[in-house]
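Me: Could you take a close look at one part of this model for me? I'd like to hear about the strands and how they pair.

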Amino acid sequence: IRASNNISELYLDDITITKGSKLLESLVAFSHLKSLSLESCKFEGAILNQGLPHLKDLEDLKLDFSIINDNFLQKVEILAKTFANEFTGVCKLKQLQELDISSNYIIGNLPSCLANMTFLQSLDLSSNNFVGNISLSPLTDLTNLEHLDLSHNLFQIPISLGLFFNHSKFKHFKSQGNNEIYGEKTEQNLTPMFQLETLYIDSYACIEAFPKFLYYQHNLRVASLQSLKLRGRFPYWLLQNNTKLEELYLNNNSLSGPLQLPLHSHLNLSFLDISDNLFHGIIPPDIGTHLSRLELVDLSKNDFNGSIPSFRNMSLLQILDLSNNDISGSLPSDFSCSHMIEVHLSRNQLQGSLEDAFFDCLQLVVLDLSHNNMTGSIPSWFERFYQLAYMILGHNNIEGEIPIQLCNLTQLSLIDLSHNNLSGHIPPCLRSTSNFARLSDHEKIEFTTKRNIYSYQPSMLYYFSGIDLSCNKLIGQIPIQIGNLNEIHVLNLSHNNLNGKIPASFSNLSQIESLDLSHNNLQGNIPSQLTELDFLEVFNVSCNNLSGRTPEKVKQFATFDESSYRDNHLLCGWPLQKDCDPPSISRSSNDAEESNCFIDMEDFYVSFGVAYVMVLLTIAGVLFINPYWRQVWFYFVEVSIDKCYYFLIDNLGKFKLF
C-alpha cells in the first residue's frame, strides 16, 4: 500500500491477511492515520501487533467480526494467553479513543494493559467469550469511557455498577445476553458521578430491588431492565425524574401492584413494555392523557382486569398489546388508530360485536382477538384494512358467513377463524400469501399448525402463511381455487360439514406442510396427485366418507400412519388393515378342489346297502327283545295291510268303469 500523510481514515474490511503478508507492517507509513477499520477480516497466521503500535495518532480501531488469530481455535488456556500477547500491540495505542473488537472468538479475561488506554471513550467487547468480574478488571481505570458494550459474554457484572461511580463522562452502558448479573449484599450509599442516557441490563438473574444509582439519574432516554426478576411496584419515579425518557422496558420481571402513573404528563415516552409481570388492577383510564406520545404499549401477560380504557389521546399509537390478561367488556369505539399497525387483545374476557371497533384503523397489519367471547359477525367493511396481513379471530363465538369482501385483502398471510360458529360456504377467492410487512420485534403471533400451537417471531412470519377455518359449521364443497394458493404452508378445514370431493388442484399447494380435512362429509377418492407434495408433514382426512385406494406409499405419504385415514369405511390400502383387491385363486387350486369333491358311486352303493341292512337288523333286534314293541309293530303291520286291501277294493271298481 502506498502511504500518504494526508490519509486519516483507512478501511480494509473483509479481507484475508496471511502469514508473511507485509500489509500490517506497511501501515507504519500512515503516520497521521486516525481511523482504521479491519471489520470482518481473517488473520491467518498474521500477527496483529505488527505495525499497529506505531500508529501513535490512531483514535478509532474496528476489529469486529474478525478472526484475529487461528490460535483462537485451540485450547482455552492457550487462547487467553494468545489474546493477551496480541492485544499488547493494541494497548500501546494510548491515543485510541474508540475500540471495537465485537463478534470475534476471543476467550479469557480482559488484559491488564487495557488500563493504559486512558483516552478510550468507546469500547465494544460484545459477542465474545470474555470472563471474569468486571469490578476487578481494568475497566475501573478507564475514567474517560462514555460508551461500553459488554453484551453476550460471560462477565460477572454487579447490578449497582459501583465500579463506574467515578466515571463522570459515562453515558451509555449495555449488557445483554449471557452475562451474570448479581446483586451485592451491601450496596454503597454513594452518589454516582455519571448521568446515563442509555441503560441496557437484560439478563436472566434474580435481583430483588431496583439499583440505587437509578434514583440519581435524570438524563435517561432509554432504560431497559429485562429478565432480572425485579420485585416491587411500577417505578413511576423513573418517569418523573427523567423527563427525556423515550423508551422503558421492564418486561419479564416480578413487579406487582397497580400501574401507577407519574403525577404529571410525560411528553417524550414512546415505548412502554411492562409485559410478563404480576401487575393487577385496572388499566388507568387517564393513561392516554398522561402518556399521550406512546407509540408502543405492551401490558401483556399480567393480571389486569376491568375494561379497555380510552386511547383517544394517543394519536401516535402504533402497537397495542393487552393480551393474556383478564380484561372484560366490549371493544371501545373511540380507538385513536389512524397510525395503528398492530392490535393484540387475545386471551382475555372481551365480548360484544366487532361492528363499531377499529373502523378507522386503515393501517392495520395485525388484528388478534383470539380466545375471547366475541359475538356477532365479521363486518363486511373489514375490506377497508387493505394492509391487513394477520387476521386472528379464532376461539370466539362469531357467527354468520365469511364475508366475500375479505377477498379484497390482497396482503392476507394468516387467517385464523377457527372454533367459532361460522356457517355458509368457503369463499373461493380467499387468499393467503407470504407477507413481508414490517412487524415489531417485541410481538409474537400464535397459530396452530401440525397439531400444535406455536408462537411465531416476526422474522419467521415473513416465510409463513396459512388458513385455519376448523371447528365451524361451514357447508358445501371445497373450492378448487384454494388449490391455487401455492405459497400456503398450513390449511385446516377440519370439523365442518363440507362435502364433495377433495380437489385435485390441491396438488398445486407446493409449499404445504400441514393439510387437515378431517371430520367432514367428503366423498370420492383421495387424489393420487397429492403424492407430489414434497413438504407435507401432517396429512389428515379421517372421519369422512372417502372411498377407493389410499395414495401410494411414496415420498411423504410413506410416513403417514393409519390415523390419517381412519373411519373412512370405503377406503382401502396401506396403511389401513383393509386390502383393496380380493385374494386371487389359481386354476390348479380350483382343480384340486373339484377333484376332492368327486364321489365314487360303487363305494356309495356298498356303504348304502350296509347301512340299510344294519337298520333292519337293529329293528329286528328291538322287536325280539321287547314284547311290547313287538306287539305294537305287528299291530301296525296288520292295520297297514287292511288299509291297503280296502283301498284296492274301493278303487278297482272305479277302474273297471273305464
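Reply: Happy to help; here is a walk through the strand pairing, with a short stop at a surface patch afterwards. Please keep in mind that this is a predicted model.

Let's begin with strand E7, residues 107-108, which runs parallel to strand E9, residues 129-133, and is joined to E9 by two bridges. Within that pair, isoleucine 107 sits opposite asparagine 129 of E9. E9 also pairs with strand E11, residues 154-158, again in the parallel sense, this time over three bridges. There, valine 131 has leucine 154 in E11 as its bridge partner.

Further along the chain comes an open sheet of three strands, ordered E24-E26-E28, with parallel pairing. Strands E24 (328-329) and E28 (373-374) stand at its edges; each has a single partner strand, so one side of each is left without a neighbour in the sheet. The pairing of E24 with strand E26, residues 349-352, is parallel and made of two bridges. In this pair, serine 328 faces glutamine 349 of E26.

Leaving the strands, you may enjoy a look at helix H7, residues 601-625, where methionine 614 is found. Methionine 614 counts as partly exposed because its relative accessibility is 49%, and the cut-off for exposed is over 50%. This methionine belongs to a nonpolar surface patch whose members include Val606, Phe608, Tyr612, Leu616 and Ile619. Together, the residues of the patch have about 980 Å² of accessible area.

Definitions and conventions:
Residues numbered from 1 in each chain as written. Predicted model: local features only at pLDDT ≥ 70, side-chain atom pairs only at ≥ 80, totals over all residues. Heavy atoms only, no water. Pairing = 2+ DSSP bridges. Helix = DSSP H or I, 4+ residues; strand = E, 2+ residues; numbered from the N terminus. Patch = residues over 30% accessible without salt bridge, like charges linked within 9 Å, V, L, I, M, F, W, Y side chains within 5 Å. Areas by Shrake-Rupley, 256 points an atom, 1.4 Å probe, with all protein chains shown as cover. Salt bridge = Lys/Arg side-chain N within 4 Å of Asp/Glu carboxyl O. Buried < 20%, exposed > 50% of the residue type's maximum accessible area, 1.4 Å probe, protein only.
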